[in-house]
Amino acid sequence: MVVALYGAFLYAPTEREMGEVQRIFYFHVGAAWNCFLAFFGVFLGGVGYLITRKRIWDHLAASCVEVGVVFTTIVLTTGPIWARPIWNTWWPWGDPRVMTTMVLWLIYVAYLMLRSSLPEGETKYKYCAVFGIIGFLDVPIVWFSIRWWRTIHPVVITSSGAELELEMIHALIVSVIAMTVLLVTLVMLRMAMSLNFSVAEEMTLNVRHSDRRVEGV
Amino acid sequence: MNPVALTWILAGKDLKIEYRSRQAFLTTVFFALLILVIFNFAFDPGSPATREAAPGILWVALLFPGIIRLNRSFQLEMEEGTLYGLILSPADRGFLYLGKLLANWLFLMAVDLVVLLAFMIFYNFSFSIQFLWIAVLIVLSALGFSAVGTLLGAMVSTIRTREVLLPILLFPIILPIILPAVNGTQEILLAQEIQSLNRSVELLIAFDVIYLAAGFVLFDYVVAD
């Protein structure tokens, strides 16, 4: 991660047209790729849970959602910061990538809301798994429908297809890899946390159960 | 028991309940009309900008009352505990889904057509062949809406905050239905090039199929205990 930071700020030369703001690009692309990867993790967790009914899959899904929503928020905040000086607009309506990421963010948040309003138990894991699966299947559909809609209503803003110099490509690759590693690390940490929670839960339940047994004598 | 017969019977049961006391139907229609009227006040009625926004207004008025229907569809099951009786039937749970879906779809189509009539009157569109095309769009998008909505509605039926939660869950997912529907309506009403209308219809059909398939498979997990 440190290497990526160095690469983004010091190694890559200042982009010709856009100036310093372009450096956001390094974090933005890494975060964007990863938020979709995290959602794939949610899908895997959902399918895994529905097939095996093992709680570890639910832990995977929940951790991916929490970390994924953070990455998506990063994408949606760094995006406008970059866009304002370059395209003179905070929010380009109609751009398929922007809109799909927005919808992805909404689905993430909806998942979290669903998760928090269900009581602990099998039902919760099942319902979240189902929603995760349907959400993941939906994302490509959303992408295509927005792209189709965009061809009907052409938007004035064109994306800047800048050529990248060699050092920039290096910096980009390094930062994407770094972000991916960051994602995996965070998900793993979060999963460890979930597992600890559930172990603690079980121990609490066991203690209560044995208390009752003692009293019942 | 023949699963197709089960589907029909289930849908028929739901629709009969709604028919006997038309309260839910009227409430839903009234809510939609209210939305149309509020938008009338929200925008300057004479301006061309409002006329251009009219297709969007129609679809807002169609979507939000749909949520009411979806919530109600499982509310009765919850209150009377009849869901267990349904689950006990030997047919594949997917047909349970189809039965509920059919009832929701037909109900929504009925509501939507009444709202469409009111919309044409309020916003001064002439009754012509346009009416039929918009009806087609409504039929298709109500199907997709009901497909995802029945699945999610079953999920949230046990949650206290279901009225708020269902729209939050549903709308991001059915965005691909809303886009072609609004776009198609725009084409028809504002008479731009009609060629993309076919594409809208094709897309709606494609998305409906995907949502139906996903719902059919996943409903089992939602309802099973």
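1. Chain A is all-helical in its order of elements: α-α-α-α-α-α. The count is 6 helices and 0 strands. Helices here are DSSP runs of H or I with at least four residues, strands are runs of E with at least two, and both are numbered from the N terminus. This is a predicted model, in which local features need pLDDT of at least 70, side-chain atom pairs count only at pLDDT 80 or more, and totals for chains, interfaces and linings use all residues. Residues are numbered from 1 along each chain as its sequence is written, while chains are lettered from A and ligands numbered from 1 in the order in which they are written.

2. Chain A has 217 residues, and 35% of them count as buried. A residue is buried if 20 or more other C-beta atoms lie within 10 Å of its own, exposed if 12 or fewer, and partly exposed in between, with C-beta atoms placed from the backbone. Contacts in chain A with a separation of 6 or more come 79% from residues 24 or more positions apart. Two residues are in contact if their C-beta atoms, placed from the backbone, lie within 7 Å.

3. Chain A meets chain B through 25 residues of chain A and 21 residues of chain B. On the chain A side, helix H4 (96-117) and helix H5 (122-152) each supply at least two residues. H5(A) gives the largest share, 16 residues. By type, the chain A side divides into 20 nonpolar, 3 polar and 2 charged residues. Nonpolar covers Ala, Val, Leu, Ile, Met, Phe, Trp, Tyr, Cys and Pro; charged covers Asp, Glu, Lys and Arg; the others, Gly among them, are polar.

4. One residue of chain A deserves a look. Arg53(A) is not a glycine, yet has a positive phi of about 55 degrees. Most residues other than glycine have a negative phi. Arg53(A) sits in the loop between helix H2 (24-52) and helix H3 (55-87) of chain A. Its 13 C-beta neighbours inside 10 Å make Arg53(A) partly exposed.

5. Chain B has 9 helices and 0 strands. From the N terminus on, its elements run α-α-α-α-α-α-α-α-α. Of its 225 residues, 44% count as buried. Among contacts in chain B between residues at least 6 apart in sequence, 83% join residues at least 24 apart.

6. Now the overall dimensions of chain B. Its C-alpha trace spans about 55 × 35 × 30 Å along the principal axes. The radius of gyration of chain B is 18 Å, which agrees with the value near 17 Å for a compact globule with 225 residues. That radius is taken over C-alpha atoms, and the globule rule is 2.2 Å times the number of residues to the power 0.38.

7. Helix H1 (residues 3-20) and helix H5 (residues 93-122) of chain B have axes that come within 8 Å and cross at roughly 40 degrees. Axes are lines fitted to C-alpha atoms, for helices over the stretch in contact, and angles run from 0 to 180 degrees between N-to-C directions. H1(B) is therefore oblique to H5(B). Angles under 35 degrees count as roughly parallel, over 145 as roughly antiparallel, 65 to 115 as roughly perpendicular and the rest as oblique. The crossing of H1(B) and H5(B) is right-handed, meaning that the near helix is turned clockwise from the far one by less than a right angle. Residues of H1(B) in this contact include Leu6(B), Leu10(B) and Asp14(B), and those of H5(B) include Phe95(B), Lys100(B) and Leu106(B). The contact of H1(B) with H5(B) divides into 12 nonpolar, 2 polar and 3 charged residues.

8. A second helix pair in chain B is H3 (residues 48-80) with H8 (residues 175-190), whose axes come within 9 Å and cross at roughly 135 degrees. H3(B) and H8(B) are therefore oblique to each other. Their crossing is right-handed. Among the residues that meet are Pro55(B) and Trp59(B) in H3(B), and Ile178(B) and Leu189(B) in H8(B). The contact of H3(B) with H8(B) has 9 nonpolar, 3 polar and 1 charged residues.

9. Two single residues of chain B close the note. Asp112(B) lies in helix H5 of chain B and is buried, with 29 C-beta neighbours inside 10 Å. Not counting residues up to four places away in sequence, Asp112(B) touches Leu62(B), Ile138(B) and Ala142(B). Asn124(B) is in the loop between H5 and helix H6 (129-156) of chain B. Asn124(B) is exposed, with 9 other C-beta atoms within 10 Å, and has a positive phi of about 60 degrees although it is not a glycine.
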